[in-house]
Amino acid sequence: MTACAIEPSAGHEDGDGAEPARCALSADGAYAARLASAGDSWFPERWTLDGPEPYAVPLPRNQPEEPDTEVQPMADGRVLIHRRVAGRHAFSLLYPTGPGTGEVPLGAVECPDVAARLRLLPPAPGGERAYALAVGRRSTTVWLVAGGPFGPEQLAELPGRCSGGVWLDPAGRLLALDRETGGRTKAVVVDLERGGEVSPLLQIAADSDDRLLLADHDSGLLIVRSDAPSPGQDRLGWGVLGSTLPVRFPECLRLRDCAVTPFAIQPGQVLTPESCAVALRVDGPAGSWVAVWRPAERRVHHLPAPEGWLAGTGLWTPDGVLRLPYATEVVPCGVAQVSPPAAAVPEPGTAPPPGPRPGTDPGQEAGREADARTAGPTAAPGHPPEPERAAEPAPPTPSAPRPVPLQQAPLGRLVTN
């Protein structure tokens, strides 16, 4: 049974007061879109980012938008808008036309299940198509909502409840989702050109929750979140797409009293995932800021965020400059250029120094990493060896970490033909 069905467009309905998404970037970084505020009302706004100076174009319609409305920029500069309309999910393309805003209705998707949620997936490579995920009580449906010949089209239905959404290839064919079944969440791959065929992607331990957060097409670097190494505590890790080597969980990514969320990977680092810079949003008691981490360094560089940063939004240039959109009263449309410290080059025959380990037990961590090295491959291109660490007195912890047989759970092999 499908989670949703196609319906014609209809009138507007009230929202639920949800906080609007801060900003969405097109796949190539040329455009951004967000809901901007005018007093107590909201309207779509498109940013052009690939020119000499960034500039914004408001795209208001005849009435204000609800705060739960979603917007997403397309490669041609139009903005896809997703509204909840009389119990349906309506999709249109907005574009500037003289002093006003043009709109091309694309149709709507109806979710008979009142508990179902529908949201836009991250922009697909190429920027000519857009997709949405409808999550029901027992199944999840992937919809093509823009770029198809006949309006919204159902592409795949999966048993279980799915979240996330990461594109694994530059063609926009392989979509990774985090699927919850049997009380556990595992990352899987949906092949949209083979009728929604599902393959396992990330399965670290039988009783762990393993999610994919980011992926880079050029290097194959994957950023994951899992509680496999520390039951009950999610940790950030990294692996390489298609590799049989274990997923690593760097200790430097554990920051006391802070939430760490990766949001961008540096492109253009072909076949060298360990050299990719990863941008992190850090939320702590002192506020939010930006951090940069590279797998080869095992340390985190903390950087101040620009005033008015649209938190969690940004993209890398291939040469390692991080671009962060921001908006203030003085600069309503701006992009800060941040150049983090260059990657450290270790001396021949030495391992990179370990990063800080706040709030952790280095002695237990050293034993856990040694177990993974002994049971599996010790070093290979893309996975530099972990440094040895001396044991230190262990502070009391709520739950003791456990060794994880990562060598038995490599990243799943994808079906691509």
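A salt bridge is counted here when a side-chain nitrogen of Lys or Arg lies within 4 Å of a carboxyl oxygen of Asp or Glu. In this predicted model, one such pair is made by Arg-254 and Glu-251, with 3.5 Å between the closest N and O atoms. Glu-251 is tucked away from the surface: it has a relative accessible area of 1%, so it counts as buried. Elsewhere, salt bridges with shared partners tie Arg-61, Glu-65, Arg-83 and Glu-103 together into one network. A search of the whole structure turns up 14 salt bridges. As for the general idea, side chains of opposite charge can pair when their charged atoms come close.

Two further pairs give a feel for the settings involved. Take Asp-191 and Arg-173 to begin with: the closest N and O atoms of this salt bridge are 2.8 Å apart. The pair links distant parts of the chain, the two residues being 18 residues apart. Asp-191 belongs to strand β16, which covers residues 184–191, while Arg-173 sits in the loop that runs between β14 (161–167) and β15 (174–181). Both partners are buried, and that label applies because each has under 20% relative accessible area.

Then there is the salt bridge of Arg-194 with Glu-197, where the closest N and O atoms are 3.7 Å apart. Here the label is partly exposed for Arg-194, because its relative accessible area is 36%. Glu-197 comes out at 29% relative accessibility, so it also counts as partly exposed. Both labels follow from the cut-offs, since partly exposed covers the range between under 20% for buried and over 50% for exposed.

Now for the backbone, where a couple of loop residues catch the eye. Asp-257 has a phi near 60 degrees, a positive value in a residue other than glycine. This residue is found in the loop between β20 (235–240) and β21 (259–265). Asp-257 has 61% relative accessibility and therefore counts as exposed.

Leu-271 tells a similar story. Its phi is near 60 degrees as well, again a positive value in a residue that is not glycine. Follow the chain on to the loop between β21 and β22 (278–284), and that is where Leu-271 is placed. With 70% relative accessibility, Leu-271 passes the mark for the exposed label and so counts as exposed. To put the two side by side, Asp-257 is exposed at 61%, and Leu-271 is exposed at 70%.

Conventions
Residues numbered from 1 in each chain as written. Predicted model: local features only at pLDDT ≥ 70, side-chain atom pairs only at ≥ 80, totals over all residues. Heavy atoms only, no water. Helix = DSSP H or I, 4+ residues; strand = E, 2+ residues; numbered from the N terminus. Buried < 20%, exposed > 50% of the residue type's maximum accessible area, 1.4 Å probe, protein only.
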